[in-house]
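Let's take a walk through this structure together, one helix pairing at a time. Keep the 3D view open and turn it as you read.

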Amino acid sequence: MDFVRALKTRLSTLISPGMRSVLTLDERKFLGQFEIGAIDSALERGDTRGARAELLGYYGIRVTKDWPDPDRYLTDLRLDLKSLEDKGIVERAETILGFDLSPSGIRPAVDSQGNIEWSRNVAGKREWLWMLNRHAWWVVLGLAYRSSGDERYASAFVAQLRHWIRENPPIPARDERHHAWRLMEVALRLRISWIPSFGLFRGSARFDDDTKLLMLRSIRDHMQFLSLFRTSGNHLLREQNGLATACSVFPEIRGAAGWREVALSTLNDELRSQVNDDGSHVELSTGYQWLVIDEFEKT
């Protein structure tokens, strides 16, 4: 089975346009990925430092004015955020600092440096490992930071973010068994965790400029990955919804306008093909009825 999987991945790489990460681009070329006039002007003058400052300042204003709030209910944590006072959020954040990340009670493996081992499945269940790589608990840390100002929460977020990006660069082709880059995880990670977390931690000194730029690089990679590959059924809804959401939040990234148009068109087509005349989903599962309604409501 491993040989067949490797062969399929190799063939997919050969026939697909392929994924080219921006993680290794030099800073000038990366800053050129943003369609912002002040950045373009600075780059034309050869002022890379000025372009960098313009990008960071731009998102500082964006976060202050109109950044999206986290989802009310974090399914991965079975946590209704609106039902908790600030004290309850902080209490849950404290358990997260101790790596209590899952309702299962199974903590992830942690190496000698205190880093989560993102590909190690200590629970023996694929869903648990995929959940681990969606990072839903970052939102709880972010809300706790916003209410308390305690930099420990920001430090945990930054350490985990930087380590995850370093250990999990984008794969070159679609692999629906991959622990971190299954398409649905890419989309959910963006929507439920990364986007709100960028806003929640924006004012922290721990979330420094280099880390912000690193996160923006990885967000750009997530968007490109979702634009290149797709699956089908209810997974496709989540993938395209995640892409449309990211393109709406980051319309300045080159390519975002076209990706958003394709994502919304795909969702419209899937509404017609996945929903029966009586309003039920074609997969006829109670859980999928809820999932599909939720995805179309968020479109």
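Start where α8 meets α10: Phe-157, Val-158, Leu-161, Arg-162, Trp-164 and Ile-165 on the α8 side touch Asp-210, Thr-211, Leu-214, Met-215, Ser-218 and His-222 on the α10 side. Sort the residues of this contact by character and you get seven nonpolar, three polar and two charged. Bear in mind that what you're looking at is a predicted model.

How are these two helices set against each other? α8, which covers residues 151-167, packs on α10 at an angle of about 45°, and the axes lie 11 Å apart. With that angle, α8 counts as oblique to α10. As for handedness, α8 and α10 make a left-handed crossing.

Stay on α8 for a moment, since α9 is another of its partners. Here the two axes come within 12 Å and cross at roughly 130°. So α8 and α9 are oblique to each other as well, and α8 passes α9 in a left-handed crossing. Which residues do the touching? From α8 come Phe-157, Leu-161, Trp-164 and Ile-165, and from α9 come Arg-189, Trp-194 and Ser-197. That set splits into five nonpolar, one polar and one charged. If Phe-157, Leu-161, Trp-164 and Ile-165 sound familiar, that's because you met them a moment ago: they are also among the α8 residues that meet α10.

Now follow α9 over to another neighbour, α11. Helix α9 spans residues 183-200 and helix α11 spans residues 233-249; their axes come within 8 Å and cross at roughly 40°. That crossing angle makes α9 oblique to α11, and the crossing is left-handed. On the α9 side the contact uses Leu-183, Met-184, Ala-187, Leu-188, Leu-190, Arg-191 and Ile-195. Across from them, α11 brings His-235, Arg-238, Glu-239, Asn-241, Gly-242, Thr-245, Ala-246 and Val-249. Tallied by type, the contact has eight nonpolar, four polar and three charged residues.

After all that packing, what about the gaps? Rolling a probe the size of a water molecule over the atoms shows where empty space is left. In this structure, one cavity of 30 Å³ or more turns up, and the largest cavity has a volume of about 30 Å³.

Which residues line that largest cavity? Look for Leu-55, Leu-56, Tyr-59, Gly-60, Phe-198, Arg-202, Lys-212 and Leu-216. By type, this lining is made up of five nonpolar residues, one polar and two charged. Two helices, α4 (48-66) and α10 (209-228), each supply at least two of the lining residues. Of the contributors, α4 gives the most, with four residues. And α10 brings you back to where the tour began, since α10 is the helix that α8 packs against at about 45°.

How values were computed. Residues numbered from 1 in each chain as written. Predicted model: local features only at pLDDT ≥ 70, side-chain atom pairs only at ≥ 80, totals over all residues. Heavy atoms only, no water. 1 Å grid on protein atoms, 1.4 Å probe; cavity = no way out; pocket = protein on both sides within 12 Å on 5 of 7 lines; lining within 4 Å. Points joined across faces, edges and corners; volume = space filled by probe spheres on them. Nonpolar A, V, L, I, M, F, W, Y, C, P; charged D, E, K, R; others polar. Axes fitted to C-alpha atoms, helices over the stretch in contact; angles between N-to-C directions. Parallel < 35°, antiparallel > 145°, perpendicular 65-115°, else oblique. Left-handed = near helix turned anticlockwise from the far one by under 90°. Contact = heavy atoms within 4.5 Å.
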